[in-house]
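Work through the exercises below with the model open beside you. Each task is followed by a stepwise solution.

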Amino acid sequence: MPTLTIDNQQVTVHDGATVFEAAEQLGIVIPHFCYHKALGAVGACRMCAVTVHAGIFKGLQMACLLKVEEGMVVTTGDPRSVEFRARVAEWQMLNHPHDCPVCDEGGECQLQEMTIAGGHGRRRYRGEKRTYNNQQLGPFIAQEMNRCIQCYRCVRTYRDYCGGRDFGVMGSRNRVFFGRFQAGPLESDFSGNIVDVCPTGVLTDKTYRFKSRHWDLQEAASVCPHCSLGCATLPGGRYRELQRVRSGINEQVNGCFICDRGRFGSSYVNHPDRPRQARLAEQPVTVVDALQQLAGQARELIETHGPEAVLLLGSSRATLETNWLLQRWAAELGCRPPLLAAHTPRHQAARVAAFDLADRLASLAEVRQADLLVLFAVDPLAEAPLLAVALRQAVRNGGRVLVYDPRPVELPCEFEHQSLTVLQIRNLLAEETVESTLLRELLDRAARPVLIGGGDLLGAGGLRHLQRLATKASSALRPCLVHPVLGGPNSFGSALLSPPEPGEDDLLTRLESGRVKMLVCLETDPLLEAPDGERFADTLTRLDELVVFDYLPTPLSVHATLFIPSTAPVEAAGSFINNEGRLQLFGRVIEPGLPIAVTGGGDHPPREFFTVTPGSDPQPAWQLLQQLLGGRADLQAVRQRMQVALPCLAGFAELQPGGPGLRAAAAVAPGRFEESLPEQPLGSLQLLVTPARYGSDLFSRYADKLAPRFSAAGIILNPQDAAERGLNAGERVILDTDAGSYRLPLTCHAGLAAGCALVENSAAFPHLVPGGELGFCQVSAEVAHD
């Protein structure tokens with residue numbers, strides 16, 4: 001580890017570090033444009049010049065490219081370095097327009113900051129400027145090419161890091177253009193990251209354009225709720241409107257980038273149909289009155305009909321604190337412990353991750369460093385998008401990716417795909433075959449192997465087989481890690497809070513027994529989130545009371561006899577545990593309430609003023625439960641009680657939003673879920689219900705900004721299966737399932753495993769839910785009627 005001196009300060013750094021990184025460690029800011037923490041250095045901008053006084057390469061050098069040597073002496077503020085950087089800043093500004101007052105980047109523009117830091121403050125050039133015609137890049141990204149300084153960050157992020165193919169660099173010398181060969185929407189699921197990395201106002205967030213200045217925004221470190229990965233985000237809001245989401249930084253999870261679903265899928269917070277008023281029998285009431293009504297009715301029903309009369313239902317959307325307080329309220333009422341998920345198979349898969357796999361879970365950082373990654377029944381771009389980017393980094397580092405999946409999986413990197421049905425994949429994991437033996441040999445030869453399993457298709461039994469394979473492939477010196485992909489942002493946390501052994505019955509069994517008189521749904525809608533939505537709908541007629549806490553305009557909130565509005569994740573502090581058991585906190589960004597743009601009818605400021613903020617009834621769900629418990633403890637006190645009650649959460653109360661989080665470890669033996677695979681009926685197809693990339697999770701389904709990327713309803717078959725049934729692509733066919741019959745347009749894809757029928761759960765087709773028990777179906781031609 002070499003030691004060097006920068007501006008009379010000594011610092012010791014790791015081998016291979018650059019002078020720029022050493023200066024960062026000392027807190028010395030060297031002006032730069034092209035360097036980025038995640039992308040490294042290319043030396044394109046020449047802005048980071050420093051002077052080396054002692055070392056192999058003396059004189060002016062680029063700090064981002066120069067490796068540290070033992071005994072090196074460097075200065076950053078000497079006249080020679082300052083003069084060079086000033087001239088670089090001047091030539092970077094030659095063609096830049098004087099439009100800072102109307103540029104969306106103003107106030108957070110790296111070009112502004114580094115130009116002044118570089119010593120340039122007066123323009124001398126009076127000639128004509130280079131100009132470009134801008135491209136239309138779709139609904140999310142706005143381009144102003146005249147502001148470009150050719151740092152190459154955008155193309156290095158889009159193509160090199162994230163694997164996009166339709167955006168690049170064209171031209172030469174000072175006529176370089178960054179864009180597409182033809183105007184059109186950017187195709188990558190990570191296109192929004194070029195907004196974050198652009199140091200000027202060339203590429204900006206079109207959905208946020210001309211709304212606010214950076215210094216006017218309320219921002220707080222947060223956690224993305226759109227999948228189970230728990231990526232770090234920085235949401236920003238103003239006047240009770242969530243206006244944008246930027247990527248946060250968590251080196252153990254997403255690094256520096258997020259997906260477009262997490263970035264542009266935030267408008268559910270300001271959905272025009274969002275329920276903000278407490279209701280009792282369709283009449284508005286105060287939240288206090290609603291809570292008193294709930295508490296009184298729950299106690300009365302339990303006294304009259306026994307502890308089975310009230311059923312409490314938690315959620316993987318609810319925070320860890322909320323689900324824990326729901327358990328405390330159940331204990332005080334004297335009813336049975338709450339169920340913490342409406343989707344039983346997904347919950348069982350999460351329990352395997354939380355308990356069976358607790359000692360060998362892999363973070364995304366470890367995925368990026370793996371040399372062999374084997375994916376079983378997981379489609380990263382649909383189920384966990386940043387996992388796809390992590391796989392790309394592993395391949396760029398020399399790793400190998402194998403995919404066993406029945407679907408025509410796409411990844412932004414090279415990979416080997418074997419199209420196997422779900423039954424074949426489970427047999428591969430469970431039985432000793434030639435294929436499994438070869439796979440085991442590959443794992444044994446790997447230095448850093450990671451197995452990745454999809455909880456939806458593998459289920460609890462499949463994940464347990466994955467755990468056994470990882471155990472066999474591990475040694476004392478080299479573990480084989482597992483990265484499970486789960487259903488929701490807090491699926492792991494809900495599983496961790498569940499009793500050590502699974503209950504004797506699930507949600508539907510208890511509801512269909514007729515003993516439940518009141519159902520309390522806490523930020524969940526089984527009509528949309530459970531695989532047997534039709535059966536659940538039938539049980540609603542047997543209830544005396546249906547109570548719903550939520551912030552989304554779901555169908556269940558409409559049917560509720562008592563509705564109590566809760567806050568969205570950005571409107572309250574809380575915590576989630578991601579799929580690798582990482583407990584992360586998020587802070588409150590904005591207060592709940594109708595945005596001024598709505599209350600003012602488009603005017604600013606509004607023409608009427610109120611003593612109470614319109615639409616401000618929603619309260620954090622944990623706070624509502626505290627009121628039901630008769631307590632007024634703050635969130636910090638709740639976390640302190642939790643870490644005392646649950647040793648696996650040690651350190652919870654000391655965490656801060658925006659940090660790397662901490663691993664929560666299971667402290668009890670896992671529950672066992674015996675699973676027997678059904679036999680496939682003759683002539684049937686295995687039914688694969690998979691999440692769509694956009695509109696499957698409820699957050700993105702209610703995000704209007706994402707509507708341009710919603711997919712149409714349809715069914716996909718292998719061409720061989722379609723031909724055997726006399727079906728042609730483009731025709732409407734009939735899909736017969738245990739849940740019902742549906743008419744859908746047919747698409748044929750040779751990448752789909754033979755013997756399977758693939759349907760995406762999306763806003764256009766919410767009828768079938770991913771993650772249910774393995775099912776089968778029939779697909780036939782639609783009968784023409786005269």
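Helices and strands here are DSSP runs, helices of H or I with at least four residues and strands of E with at least two, numbered from the N terminus. The model is predicted.

**Exercise 1. Locate Tyr152 and Asn8, and describe their backbone and exposure.**

Step 1. Place Tyr152. It is found in the loop between β6 (141–143) and α4 (153–161).

Step 2. Read its phi. Tyr152 is not a glycine, yet its phi is positive, about 70°.

Step 3. Set this against the general rule. Most residues other than glycine have a negative phi.

Step 4. Check exposure. Tyr152 counts as partly exposed, at 27% relative accessibility.

Step 5. Repeat for Asn8. This residue sits in the loop between β1 (3–6) and β2 (9–12). Its phi is near 70°, again positive in a residue other than glycine. At 76% relative accessibility, Asn8 counts as exposed.

**Exercise 2. Determine how many disulfides the structure holds, and explain the result for Cys162 and Cys227.**

Step 1. Recall the chemistry. A disulfide is a covalent bond between the sulfur atoms of two cysteines.

Step 2. Fix the cut-off. The two sulfur atoms must lie within 2.5 Å.

Step 3. Test Cys162. Its closest cysteine sulfur is in Cys259, 10 Å away, so the pair is too far for a bond. Cys162 is buried, with a relative accessible area of 2%.

Step 4. Test Cys227. The closest cysteine sulfur belongs to Cys231, at 5.7 Å, and this too is too far for a bond. Cys227 counts as buried at 10% relative accessibility.

Step 5. State the count. The structure holds zero disulfides.

**Exercise 3. Describe the surroundings of two buried loop residues, Asp189 and Asn250.**

Step 1. Place Asp189. It lies in the loop between β8 (177–179) and α5 (193–197). With a relative accessible area of 10%, Asp189 is buried.

Step 2. List its contacts. Beyond neighbours within four places in sequence, Asp189 is in contact with Cys259, Asp260, Leu381, Arg693, Tyr694 and Arg709.

Step 3. Pick out the polar pair. The side chains of Asp189 and Tyr694 make a polar contact of 2.7 Å.

Step 4. Compare sequence and space. Asp189 and Asp260 are 71 residues apart in sequence, but their C-alpha atoms are 5.5 Å apart.

Step 5. Turn to Asn250. Its loop runs between β13 (241–247) and α6 (260–264). Asn250 is buried, with a relative accessible area of 3%. Leaving aside neighbours within four places in sequence, its contacts are Ala232, Gly255, Arg582, Gln584, Gly659 and Pro660.

**Exercise 4. Find the buried side of helix α23 and trace its link to Glu321.**

Step 1. Identify the buried residues. In α23 (residues 635–645), Leu635, Val638, Arg639 and Met642 are buried.

Step 2. Map them around the axis. They cover an arc of only 100°, so they lie on the same side of α23.

Step 3. Explain the spacing. An α-helix has 3.6 residues a turn, so residues three or four places apart point the same way.

Step 4. Name the packing partners. The buried residues of α23 pack against α8 (320–333), β25 (574–577), β26 (582–586) and α22 (621–628).

Step 5. Move to α8. Glu321 lies in this helix. At 0% relative accessibility, Glu321 counts as buried.

Step 6. Find its polar contacts. The side chains of Glu321 and Arg639 are joined by a polar contact of 2.8 Å. Another polar contact, of 3.4 Å, links the side chain of Glu321 with that of Thr319.

Step 7. Add the other contacts. Not counting residues up to four places away in sequence, Glu321 touches residues including Leu635, Val638 and Met642.

**Exercise 5. Characterise the nonpolar cores, then the relation of domain 3 to domain 4.**

Step 1. Start with the largest core. Of its 93 residues, Leu294, Phe376, Leu451, Phe549 and Leu649 touch the most other members.

Step 2. Find the main contributor. Helix α7 (residues 287–305) gives this core its largest share, eight residues.

Step 3. Note the other core. Apart from the largest lies another core of 40 residues, among them Phe190, Val245, Leu373 and Leu391.

Step 4. Read the domain bounds. In the domain assignment, domain 3 covers 279–343 + 494–574 + 607–650, and domain 4 covers 348–486.

Step 5. Relate the two. Their centres, taken over C-alpha atoms, are separated by 35 Å. Six residues of domain 3 are in contact with four residues of domain 4.

Technical notes:
Residues are numbered from 1 along each chain as its sequence is written. This is a predicted model: local features need pLDDT of at least 70, side-chain atom pairs count only at pLDDT 80 or more; totals for chains, interfaces and linings use all residues. Side-chain values use heavy atoms; hydrogens and water are left out. Buried means under 20% relative accessible area, exposed over 50%, partly exposed in between (1.4 Å probe, protein chains only). Contact means heavy atoms within 4.5 Å. A polar contact is a pair of N or O atoms within 3.5 Å; within protein, one must be able to donate a hydrogen and the other to accept it, and residues adjacent in sequence count only if both atoms are side-chain atoms. The arc is that of the directions from the helix axis to the C-beta atoms. A nonpolar core is a set of buried Ala, Val, Leu, Ile, Met, Phe, Trp, Tyr and Cys residues joined through side-chain atoms within 4.5 Å. Domain bounds come from an automatic or database domain assignment.
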